[in-house]
Every structure is written in structure tokens, then in C-alpha cells.
Amino acid sequence: MAKTLFEKIWDAHVVRQEPEQPALLYIDCHLVHEVTSPQAFEGLRLASRRVRRPDLTYATMDHNVPTWSRKLPIIDEIAKTQIDTLENNCREFGIPLYGLDSPNQGIVHVIGPELGITRPGMTIVCGDSHTSTHGAFGALAFGIGTSEVEHVLATQCLLQSRPSTFRITVGGRLPRGVTAKDVVLYIIRTIGTAGATGHVVEYAGEAIRGLTMEERMTVCNMSIEAGARAGMIAPDEVTYAYLEGREFAPKGEAFDEAVAYWKTLPTDEGATFDRELELEVSNLAPQVSWGTSPGMVISATEAIPDPDSWADENVRKAARRALEYMGLEPGMPIQDVDIDRVFIGSCTNSRIEDLRAAARIARGRKVNPHVNAMVVPGSQAIKRQAEAEGLDEIFKAAGFDWRESGCSMCLGMNPDILQPGERCASTSNRNFEGRQGRGGRTHLVSPEMAAAAAIAGHFVDVRGWEAAE
Amino acid sequence: MEPFKRHTGLVAALDRVNVDTDQIIPKQFLKRIERSGFGQFLFYDWRFNLDGSINTEFELNAPRFAGASILLAGANFGCGSSREHAPWALADYGFRAIIAPSYADIFYNNCFKNGLLPVQLGDAEVARLFEAASAIPGYELTVDLERQWVVDDWGNKFGFAVDPFRRECLLKGLDDIGLTLQHEAAIAEYEAQRIAIN
């Protein structure tokens, strides 16, 4: 029987299925961070339960960590408590922790793939909605709440109702200056923030096949912003090449056996999906979000939309409110919008290729005097690699702040936050009201677009801008 | 977990779509290590002005909604981050049920783990309830999980669908982990069979 990638992985992980009940799914890998785990460990303690599989559990600290300097003590008492709590919990329950003094610390969805923990065919969960990132490897990876974190710690299983399936086939070849980030913003713009609710999305097509692993991670990362349960891309030679030699990847003969198994995973010819959508990106322009939801997106060549251009009154109301919050007027070309801050980082775009792309734009240029710009590598390993390639020198010479790894300004739980009214070009994944700081105004863009905006002081169309510069 | 069978209470109306979990519980409040005490931070950036004073423009601050235990909301409620702190804040604030045309998946799931019932009704039905909440001072609804309907004293009665397993667990206040551990043998069997190809 022809099966999709999702069906193959789901069916292989069902421990128990009663009629009329959610399936009990086995979890191959549980990733843990400091914000959504304290109450889960406390629950285990209260019920006198142990972690069933500490060998399948990996922890890191990312949301709360300061990126300014690791040598200074953490000023925020409550953040320090959470970090100390995770350290204590990992010690008590025997879970490996990539903590602040670990050379492999970083954003949880960056270090999993980096270390070869994330692999095709696995079920992977974490108390964080961007767990969808790992789907780039052909894994079934999704975010869970703290109660479910406790459930997985105690049983290594998860109760899940079987989702529907949705294939998004992206055809064409990406033009120069247009990135994976633009593709996923375009997808969310097209289907809306509830467009994939209840579905696991599989991304397919020529444009997806042509992406590197890091680019695939960017696309899968933002699946949650379209409401998807998970986002997946079938593994292929690009995937195997990325994984070979990584710390937790199988070695030698075991690696060959793993590859043979991974090759059985891609969707079979003739398998059907509950929904299908085809998109074309050969003429896609760089995208910029204008509003307070990841679906409120326009091209770099467009102007801020008029709320009355939508038929639905709820959508109009939301658009009006967004424009007021963002301090924007309909009809204003996005390239006329000045910015105050630039944030290059987050689990969406903080990997070495993202930093190289931004550095290419920044090289030999200067950050606009009115702009405060920073680059936050996704992990300590990426930071070291970037420094070995001299990218940090390029950024610093241009006037960017070069930081330690962490979630940083994506969500402002650490000292990196926007002040009310500050406008930021950000390579992160959410532009909700107050996301980066109360009253902060977030515009989601690619690393190239963020770097160019830092230099210009306003949004530009990076495609023609470099030549004109 | 406190069981939910039937609840009658004052309705508070929040007529907005795509209310995300960053609004329900902003990130600066995720630093607590307990499950309790989040109610005071519910919708914090909307409830309070920058100087800490009450924002009288915010719908839920209207005096007539004080003490409400049923939240009436718009489509795609709870989108965005998976933070379970969102249902914790709603429940701690005093809400026992939410009524909306649609929810984001992770938030919907998280509600059931916390004795908070998310009811899904049709667009037209929710619109009628918004009208009623607006027109009738002290508007109350009864949410009945056993009979799977929502009913008021003004002739509105709407049935709702809910997953049978989740309904059962919520009616009885059952703990997921205890239930799963009843099948420990099946888990051990799966682990033994699992080929460590990965």
C-alpha cells in the first residue's frame, strides 16, 4: 500500500491504538529546555516517578540565557532560578545537559541537528512550538505543552490524535537574493495562520529539493506559524551527507544500514494526501511582514496594504489594529519604512549559512548611524565556525554587535528586548504584539534583507540594492 | 485534575481573531517554575497600560465581565507558542470554559490537560452568542460536557463535538500519565522490538 512519509513514521511508532482513542506514540528523542520543563520535573518528583529514558533525552538552555557575556552573573533573578532549576533537574534525573559552560550549548532546534541527534524517521518532541524545525530531516517533530513534557519524561510516549496530511509542492527555482525564509513567509501569507491547522505538512517539489539542510530547517521551522502540527521534508542525499560524521550519527557500517533504512522513508508514488497545494517561486521577491501576525506579509516591492482591501470584517478589524500597533499607514512603500534595530538570529535563521549570507551583505559596509544591529549565532559551535571564517570581524567592522548563542531577541525573555515603539528587522519567526518587547514593532525578513536594512536604515529590495550600492 | 461535567457562569466576550498565546501570557511571565499564580498575568499587556494602570479600553476589563468564568472568543484562538502557561493563566484567572469557532492545535490540547474545556461552535452560532453577550447584562451560559451542548435562558442551544477520549478524561478528571502507565507492558514490548536503526 502506498504510504506518505508521515504515515510510515506514524505507523512505525504506534505502541497502542484503541478505537476512538488517540494513539500512544513512542518518542525516539525528547529535547528539553529551561522554560517549559520545571513544572514537568516537579510533577515527576511529586508522583515519585523517574525519567523512563534519560538516554533518549537531551537538554539545553536557550530562552533565558544572556547573549552579552557568559562571564557575568545572570542579573535576572527569576531567569537564574529557571536555569539553576534545569541544572538541578538534569543532575537529579540523569539527563545530559548542554548548559552555559558547554561547548555545544545553543538554541535547542539548532544543536539537535548539529549534533546528529535529529535523524530521519524519528519521532521528536520538545516543549516548544518550533520543534517542527527537525522535520527538515524527514522526522516527525512537533511541539508539546508542559504536561505532555511530563508525560514523555515518565513514559517515553505521547497520546496523539492522528493528524491529517497536507502536501505543499513548491515548484521553480529561487531567484538570486530570494531565500528559504522568503519561501516560507510566502506560504504562510498564502494559506494563512490557520491554513494548516490539524495537518502535518510535507514540503515537496523542485524548489524544496534544491534547498540545503539549513534552508530546509528554515522552512520547516515556520510550519507552526501556518498552524501545522508538523512540517516535513523527505530525506535524500543532501540529508545523508549532512549527517555523516556528526557526533550522535551512526558510524561506519551502522551508518550505511541507517541510510538504507532512511531511503525507504520518502512518500511512495501514488500515496494520497488529505490536501494538496502547488506554489511557484521562480518569480518570488524577498518578503517582509508588515503586521502583527506571520501571515501579514508583502513583497519588498509592495506597499503597506489597505485594511479595506479585504472582504471579511474580522480580517479588516485585525488589519486596522495591526497598522495602529505597527505605526504604519496604508499605501506607504515598505522600502520607505525606517528601522531602529536589526536582529539576525533565532532558530529560524542563525546557522552558519545565514551568517555567511548576512556577512556577504555587511562586508565593507557600515550599519546606519540610527540603527542598533546585532548578530546572535544559534550555537557555540556556529559561533566558533563563524569566527574561524572571519565573519565576526566583518560584522564588528560594520558596526554589528556580535553575541553569544541563545534565543535572544526572538522573544525577549532575556535582556535582548525592544523598547516600546522600536522597529526591528528580524530574522525570527513571530511578529505578534509585544513579542520582542512590549510595544516593540517586529518585521520578519531573511538574513540578507535584515543585513541590508541595517546598512540602509530602512527596508530595501536586496536583489537590486547590492548592485546599486 | 478537577473534573468538568457542567458549568454555568458569566460570559466575557473577546471579539478578536487570532489571539495568540504571547497575548494570553507574555513571555516575561514564563520564568516561574510553578504551575500556579499565572492568573494575575493573563492578557497582561492588554489589561494594563505601560504605567501599570488598568486599561479601561480592553474588553475584559469592562466591569460587567468581572467574575466571568466562560470566555467567548474569535477564530484561531491560542495560536503561536506552545506555552501551556496560557491555559494555566486562563484557568487561574477563573475561566472554566472557552467558546470559539476554532483553536490552534497545541493550545486546544493543552486546555484538556488542565480541566479547561475548549468548546468549538460554528461561526454563526458564535456570532449569536457575541450578540447576546453584548445585548444582555449579566449574560450567562451553561456548558454541559455530558450532554455536549451550550445553552442559555434566551433560546440558544448549540451542540458541540468533542473527542470521546478527551471528554471521558475531563468528565472523570483522569491523569494522562497514570492511564498510560497502565500499559507499561506494551511500552516495554515496543522498546524490545524497536530496531535501533536510528
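Okay, a definition to start with: two strands pair if DSSP finds at least two bridges between them. Keep that in mind while we look at chain B, and remember that this is a predicted model.

So, chain B. It has eight helices and seven strands. How are the seven strands arranged? They form an open sheet, in the order β4-β3-β2-β1-β5-β6-β7, and the pairing is mixed. Now look at the two ends of that order. β4 (117-120) and β7 (157-159) of chain B each have a single partner strand, so one side of each is left without a neighbour in the sheet. The sheet has some turn to it as well: ignoring direction, neighbouring strands are rotated by 25° against each other on average.

Let's zoom in on one pair. Strand β1 of chain B, residues 6-14, runs antiparallel to strand β5 of chain B, residues 140-144, and five bridges join them. If you want a spot to click on, find L10(B), which stands opposite E140(B) in β5(B).

What packs on this sheet? Helix α5 of chain B, residues 123-135, does, and it touches β1, β2 (70-73), β3 (97-100) and β7 of chain B. The direction of α5(B) makes about 80° with that of β1(B).

Zooming back out, the C-alpha atoms of chain B fill a box of roughly 60 × 45 × 25 Å along the principal axes. Of the 198 residues in chain B, 42% are buried. And if you take the contacts in chain B with a separation of 6 or more, 70% of them come from residues 24 or more positions apart.

Right, over to chain A, and a pair of helices. Helix α6 (residues 180-191) and helix α8 (residues 213-221) of chain A pack at an angle of about 20°, with axes 8 Å apart. Angles under 35 degrees count as roughly parallel, and therefore α6(A) and α8(A) are roughly parallel to each other. Their crossing is right-handed. Who makes the contact? From α6(A) we get A180(A), K181(A), V183(A) and V184(A), and from α8(A) we get E215(A), T218(A) and V219(A). That splits into four nonpolar, one polar and two charged residues.

Last bit: where the chains meet. Chain A puts 59 residues into the contact and chain B puts in 44. Which element of chain A gives the most to that side? That's α5(A), with six residues. By type, the side of chain A that touches chain B has 21 nonpolar, 26 polar and twelve charged residues. That's me done, thanks!

Key:
Residues numbered from 1 in each chain as written. Chains lettered and ligands numbered in written order. Predicted model: local features only at pLDDT ≥ 70, side-chain atom pairs only at ≥ 80, totals over all residues. Contact = placed C-beta atoms within 7 Å. Helix = DSSP H or I, 4+ residues; strand = E, 2+ residues; numbered from the N terminus. Nonpolar A, V, L, I, M, F, W, Y, C, P; charged D, E, K, R; others polar. Axes fitted to C-alpha atoms, helices over the stretch in contact; angles between N-to-C directions. Parallel < 35°, antiparallel > 145°, perpendicular 65-115°, else oblique. Left-handed = near helix turned anticlockwise from the far one by under 90°. Buried ≥ 20, exposed ≤ 12 C-beta atoms within 10 Å, placed from the backbone.
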